[in-house]
Amino acid sequence: MLKVIFSISICFMVGFNLVPKKKSPNVIIILADDVGYGDLGCHGNTIIKTPNIDALSSKSYRFSNFHVGTTCSPTRAMLMTGKNNNSTGVWHTVNGREILNKDEKILPQYFKEAGYITGIFGKWHLGDNYPFRPEDRGFDEVLVHGGGGVGQTPDYWGNDYFADTYFRKGKPEKFSEYCDDVWFAEAIKFIKNSKDKPFLCYIPSNLAHEPYHVAPEYSALYAKNKNVVSPEFYGMITKMDENIGKLMSFLKSSGMDKNTIVVFLSDNGTSAGGQFDNDGFVTAGYNALMRGKKSSVYEGGHRVPFFIQMPALEYKNKQNNTLVSGTDLLPTLLDLCNIKHANSYEGVSLVPLMKGGNIKERTLVVDTQRGEYLRKNQPFAVMTQRWRMVNGNELYDVQIDPEQRKNVAALYKDSLSMLQSYYEKWWNIASEQKAEYQRVIIGSKVQAEVCLTSHDLHVEKGLPAWNQEMIKKEMGENGFWAVEFDKKGSYEFELRRFPRESGLNIPAKYTGINLKIDDKTYTKKIESDASQVNFSLNINKGYSSIRAELIDTTGKTKEASYVYVKKRKVAVD
């Protein structure tokens, strides 16, 4: 009898050990670019065709009072870190102020530590050189365009959305398809190859960011409608919707939909979904009863779509109007995937709301800096569930005035004062990195050659009062790149007006070129029909500033838009 019991016990234990552990849920994040809350059919737009996004919305938990930054990079920093973007070093989209502080732990790193395979396909816009690239920050598979948009200076020369060259882990790769088709096709390929492990798939599409390029059959859907401001803009959204439909069909046909969380959101308000007067009110088009568009601190600039489709039906067909933030995405996904972690972010998990509970009511702040240095009292909004204080002297009750037409600051002075005080406290924390630069590292084994572009030049006309003298000295006439040389040694500098792949020469009107490393200036003549000018210099390890200037026949200077730098194996005499 004892032998039988022992045998049964052994069989039970063996059988138990053979039961496969439940796989962690997969995660797909689809981030639209410049698509506002009102640019979707599911939000009341009767013109635009977004059937697949609408279907996703109907099967998702929807947050209808979700706020992000007013422009691209600030929102991306917020989503990746769970923190207010200003405190991460990101408050602009150019001038090196779109580069995310290397010390911030970001979303893919949390997931990678938990055993996930991670991939990004589309627009990164948080740094194009080491240590700021997506492949440096937790993404296993990377395919992105450069800078903040296809065709911008850091992007591959000649890209125009059609049959472009993108960067796979820093190396250029040619494609024959439309940009958005590439992102989604590569994402699906990544998902197929990740079946044995849970995956985090981030698809930050560049649609519908300008330039508004799309195949004619998509813009033709709207070309004859007088209520459509930009048929191309709407056409790009419909094109992205088509690709989302393909992705969702793939998930369903493969059975992966049963264990995959799908998130859809946008990075800021609409860029071309309507015409607006000087006060931000819609005069043509549709903006879901909101004032303002991209870059505005009125509601239409930062209130965006946010859906989470869950494998479990318990979260289906729900909508919540609680004030929530882009900082909440990271903690929410970590919570949904049961990833244990130290809390190093400002956002909160929204899972309690999804389960029918509540979260503590919060006050949130969004601002639009758009400058080299953080400045207090740039356009900003302080938000509560009821109130929106704009620029410190306007107050709107959005529960009864969603379009923010009636300023009631004079009627609710106590509420205005409370929100003004909150802004002061917030600013002291959010502005802590105002004097810091996010420095590209040169000479590292991780990235053998760095390409500095004018996209990341620190350039400023109106300097902040707190340190003007120092900044003027460092900035120079044409700006500078903030860098860190990883090692002492000999470095090769290749200065160009156009990138290598363009095949173009430096224009003939430029006859000389300056390379300035900190306080030292090196000058060379530009030979006729030259495409580049090279310098070989011995450089010490540490922080430095680099300036590169083309000199024309009148003596005027202009920045050299591209500087390639690598460490030489042999020192310069």
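Here are a few worked exercises on a predicted model.

**Exercise 1: H5 against H7**

Task: Work out how helix H5 and helix H7 are oriented, and which residues meet where they touch.

Solution:
- Start with the axes. H5 covers residues 179-192 and H7 covers residues 231-254; their axes come within 10 Å and cross at roughly 15 degrees.
- Now classify the angle. Angles under 35 degrees count as roughly parallel, so H5 is roughly parallel to H7.
- Next, the hand: H5 and H7 make a right-handed crossing.
- Then list the partners. On the H5 side you'll find Asp180, Asp181, Phe184, Ile188, Ile191 and Lys192, and they meet Lys239, Met240, Asn243, Ile244, Lys246, Leu247 and Phe250 of H7.
- Finally, sort that contact by class: 7 nonpolar, 1 polar and 5 charged residues.

**Exercise 2: H2 against H7**

Task: Do the orientation step again for H2 and H7, then find the residues in contact.

Solution:
- Helix H2 spans residues 51-58, and its axis comes within 7 Å of the H7 axis, with a crossing of roughly 55 degrees.
- Angles of 65 to 115 degrees would be roughly perpendicular and those under 35 roughly parallel, so H2 and H7 end up oblique to each other.
- From H2, the residues Pro51, Asn52, Ile53 and Leu56 meet Asp241, Glu242, Ile244, Gly245 and Met248 in H7.
- The class tally for the contact of H2 with H7 is 5 nonpolar, 2 polar and 2 charged.
- One to spot: Ile244 of H7 is on the list for H5, and Ile244 also turns up on the list for H2.

**Exercise 3: Enclosed space**

Task: Say how many cavities of 30 Å³ or more the structure holds, and describe what lines them.

Solution:
- Searching the whole structure turns up 2 cavities of 30 Å³ or more.
- The largest cavity holds about 50 Å³ of space. Its lining is made up of Gly96, Ile99, Gln438, Val440, Leu452, Asp456, His458, Trp481 and Ala482.
- By class, the largest cavity's lining has 5 nonpolar, 3 polar and 1 charged.
- The second largest cavity comes to about 30 Å³. Thr70, Thr71, Pro74, Asn85, Trp91, Asp367, Thr368 and Gln369 line this second one.
- Its lining breaks down into 2 nonpolar, 5 polar and 1 charged.

**Exercise 4: The largest pocket**

Task: Find which residues lie nearest the centre of the largest pocket, and which element gives the largest share of its lining.

Solution:
- Begin with the volume: about 770 Å³ for the largest pocket.
- Its lining counts 34 residues, and Asp128, Phe167, Gly170, Gln447 and Cys451 are the ones nearest the centre.
- Four strands each give two or more residues to this lining: E5 (141-145), E7 (171-174), E20 (449-453) and E28 (562-567).
- E20 supplies the largest share, with 5 residues.
- Split the lining by class and you get 16 nonpolar, 8 polar and 10 charged residues.

**Exercise 5: Odd backbone spots**

Task: Locate the cis peptide bonds at alanine 208 and proline 211, and the positive phi at serine 295.

Solution:
- Recall the usual case: most peptide bonds are trans, and most residues other than glycine have a negative phi.
- Leucine 207 to alanine 208 is a cis bond with omega near 15 degrees. Alanine 208 sits in the loop between strand E8 (199-204) and helix H6 (216-219).
- Glutamate 210 and proline 211 are also joined by a cis bond, with omega about 0 degrees. Proline 211 is in the loop between E8 and H6 as well.
- Serine 295, not a glycine, has a positive phi of about 80 degrees. Look for serine 295 in the loop between strand E11 (282-285) and strand E12 (306-309).

Methods
Residues are numbered from 1 along each chain as its sequence is written. This is a predicted model: local features need pLDDT of at least 70, side-chain atom pairs count only at pLDDT 80 or more; totals for chains, interfaces and linings use all residues. Side-chain values use heavy atoms; hydrogens and water are left out. Axes are lines fitted to C-alpha atoms, for helices over the stretch in contact, and angles run from 0 to 180 degrees between N-to-C directions. Angles under 35 degrees count as roughly parallel, over 145 as roughly antiparallel, 65 to 115 as roughly perpendicular and the rest as oblique. A crossing is left-handed if the near helix is turned anticlockwise from the far one by less than a right angle, and right-handed if clockwise. Contact means heavy atoms within 4.5 Å. Ala, Val, Leu, Ile, Met, Phe, Trp, Tyr, Cys and Pro count as nonpolar, Asp, Glu, Lys and Arg as charged, and the others, Gly among them, as polar. On a 1 Å grid over the protein atoms alone, a cavity is a set of points where a 1.4 Å probe fits but cannot get out, and a pocket is an open set with protein on both sides within 12 Å along at least five of seven lines; lining residues have an atom within 4 Å of a point. Grid points are joined across faces, edges and corners, and a volume is the space filled by probe spheres set on the points.
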